[in-house]
Amino acid sequence: MTIVTTGTAAPQAAPAGKGAGPLLRAWRERRRISQLELALRADSSARHISFIETGRSRPSEEMVLRLAEHLDVPVRERNALLLAAGYAPRFPETPLDDPALDALRTGMERLITGYEPYPALVVDAVYNVLAANRGIMMLIEGVPGELLQPPLNVMRLTLHPRGLAPRIRNLREWRGHLLAQMERQIALHRSEPLRALYEEVAAYPVPEAAPGEEPAEPVPYFALPLQVEHAGRTLSFISSISTFNTPMDVTVAELAIETLLPADPATVKYLQTFVS
């Protein structure tokens with residue numbers, strides 16, 4: 001298992017009007033926060049917020065960052081706000097293979113390797129796979145080689161009719177979950193590459209159930225499981241996604257570690273015997 005880089009274009013903020021004011025107003029409206037509420041959070045006044053949004057007042061660098069923090073603006077877009085206000089970007093975007101991120105890469109490698117035999121992987125902001133352990137490699141056995149060419153994309157791999165989709169027993173429910181997850185990310189990041197990926201995978205046809213195939217028996221899971229077939233067995237997983245707290249680098253801010261937790265004893269037993 002190794003960390004890889006994909007070279008895929010990173011998500012970009014959608015253009016808005018000239019200056020930081022229209023951008024800040026767009027983020028405030030997206031978060032459904034009034035000028036008064038934002039002013040109270042940022043220890044300012046509604047009048048000052050109004051002046052900033054209309055361009056009558058140029059915010060200080062500190063104010064831009066303070067407003068971005070209270071509006072939960074992603075790190076990449078905070079740089080865009082600073083540039084629009086006439087300041088230098090504050091947050092670097094360090095390539096993942098840079099020596100400065102050696103400790104981060106090593107830590108992620110140890111984390112997902114230590115999670116074996118259960119599946120785990122690392123993805124970027126557009127769901128390109130940067131690292132995966134042997135549990136993931138087991139699940140994608142037999143997928144056509146063209147779908148495994150870099151950059152390997154987990155959404156494309158999962159929902160493509162020649163990818164994992166035909167093996168997922170609860171495909172309609174899991175597909176709905178993944179598309180809703182992408183919609184939330186698009187709303188948060190305003191990413192055109194992510195929107196293009198969403199439109200691609202949402203247009204994939206949903207494979208028909210095999211003739212005579214019976215639906216899986218209902219199980220009282222505590223969360224929606226991914227039920228995927230492997231070697232004639234149905235394995236059930238619960239997905240968990242982790243990100244880094246208070247990241248100070250764009251690359252780090254856009255990393256996510258997804259782990260698949262076995263959802264029933266049969267899956268635990270099978271994985272423990274399958275991966276040595």
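At what angle do the axes of helix α4 (residues 61–70) and helix α5 (residues 75–84) cross? In this predicted model, the two axes cross at roughly 145 degrees and come within 10 Å. The legends below begin with this crossing.

**Figure 1. Close-up of the contact of helix α4 with helix α5.** The crossing of the two helices is right-handed. Helix α4 contributes Glu61, Val64, Leu65, Ala68 and Glu69 to the contact, and α5 contributes Arg78, Leu81 and Leu82. By residue class, the contact of α4 with α5 comprises five nonpolar and three charged residues, with no polar ones.

**Figure 2. Close-up of the buried residues of helix α4.** Met63, Val64, Leu65, Leu67 and Ala68 are buried in this helix. The buried residues of α4 pack against α5, and also against α1 (20–30), α2 and α3 (46–54). Val64, Leu65 and Ala68 belong both to this buried set and to the contact with α5. After α4 comes Asp72, with a positive phi near 55 degrees.

**Figure 3. Close-up of the largest nonpolar core.** This core holds 40 residues, of which Tyr127, Met155, Met182, Val201 and Leu235 touch the most other members. The element that gives the most to this core is helix α9 (residues 171–189), with six residues. Around Met155, and leaving aside its neighbours within four places in sequence, the residues in contact are Tyr127, Leu178, Gln181, Met182, Leu197 and Val201. A second core, separate from this one, has 24 residues, including Trp27, Leu67, Ala68 and Val75. Leu67 and Ala68 of this second core are also among the buried residues of α4.

**Figure 4. Close-up of the salt bridge of Arg41 with Glu37 in helix α2.** The closest N and O atoms of the pair are 2.6 Å apart. Both residues lie in helix α2 (residues 35–41), with a spacing of four residues, about one turn of the helix. Arg41 has a relative accessibility of 38% and therefore counts as partly exposed. Glu37, at 32% relative accessibility, is likewise partly exposed.

**Figure 5. Close-up of the salt bridge of Asp102 with Arg105 in helix α6.** The two side chains meet with an N to O distance of 2.1 Å. The residues are three apart in helix α6 (residues 102–114), about one turn of the helix. Which of these partners counts as buried, and which is partly exposed? Arg105 is the buried partner, because its relative accessibility of 17% falls under the 20% limit. Asp102, with a relative accessible area of 36%, is partly exposed.

**Figure 6. Close-up of the salt bridge of Glu200 with Arg156.** The closest N and O atoms are 2.8 Å apart. Glu200 lies in helix α10 (residues 192–202) and Arg156 in helix α8 (residues 154–159), so the salt bridge ties together parts that are 44 residues apart in sequence. Relative accessibility is 30% for Glu200, which counts as partly exposed. Arg156 also counts as partly exposed, at 25% relative accessibility. Elsewhere, Arg76, Glu93 and Glu254 are joined into one network by salt bridges that share partners. A search of the whole structure finds 11 salt bridges.

**Figure 7. Close-up of the cis peptide bonds that precede Pro117 and Pro151.** The bond from Glu116 to Pro117 is cis, and its omega is near 15 degrees. Pro117 is located in the loop between α6 and β1 (120–123). For the cis bond from Pro150 to Pro151, omega is near 0 degrees. Pro151 is found in the loop between α7 (134–139) and α8.

**Figure 8. Close-up of the positive phi angles of Arg32 and Asp43.** Arg32, although not a glycine, has a positive phi of about 60 degrees. This arginine, Arg32, is placed in the loop between α1 and α2, and at 78% relative accessibility Arg32 counts as exposed. Asp43, also a residue other than glycine, has a positive phi near 55 degrees. The loop that contains Asp43 lies between α2 and α3. Asp43 is exposed, with a relative accessible area of 68%.

Methods:
Residues numbered from 1 in each chain as written. Predicted model: local features only at pLDDT ≥ 70, side-chain atom pairs only at ≥ 80, totals over all residues. Heavy atoms only, no water. Core = buried A, V, L, I, M, F, W, Y, C linked by side-chain atoms within 4.5 Å. Buried < 20%, exposed > 50% of the residue type's maximum accessible area, 1.4 Å probe, protein only. Contact = heavy atoms within 4.5 Å. Salt bridge = Lys/Arg side-chain N within 4 Å of Asp/Glu carboxyl O. Axes fitted to C-alpha atoms, helices over the stretch in contact; angles between N-to-C directions. Left-handed = near helix turned anticlockwise from the far one by under 90°. Nonpolar A, V, L, I, M, F, W, Y, C, P; charged D, E, K, R; others polar.
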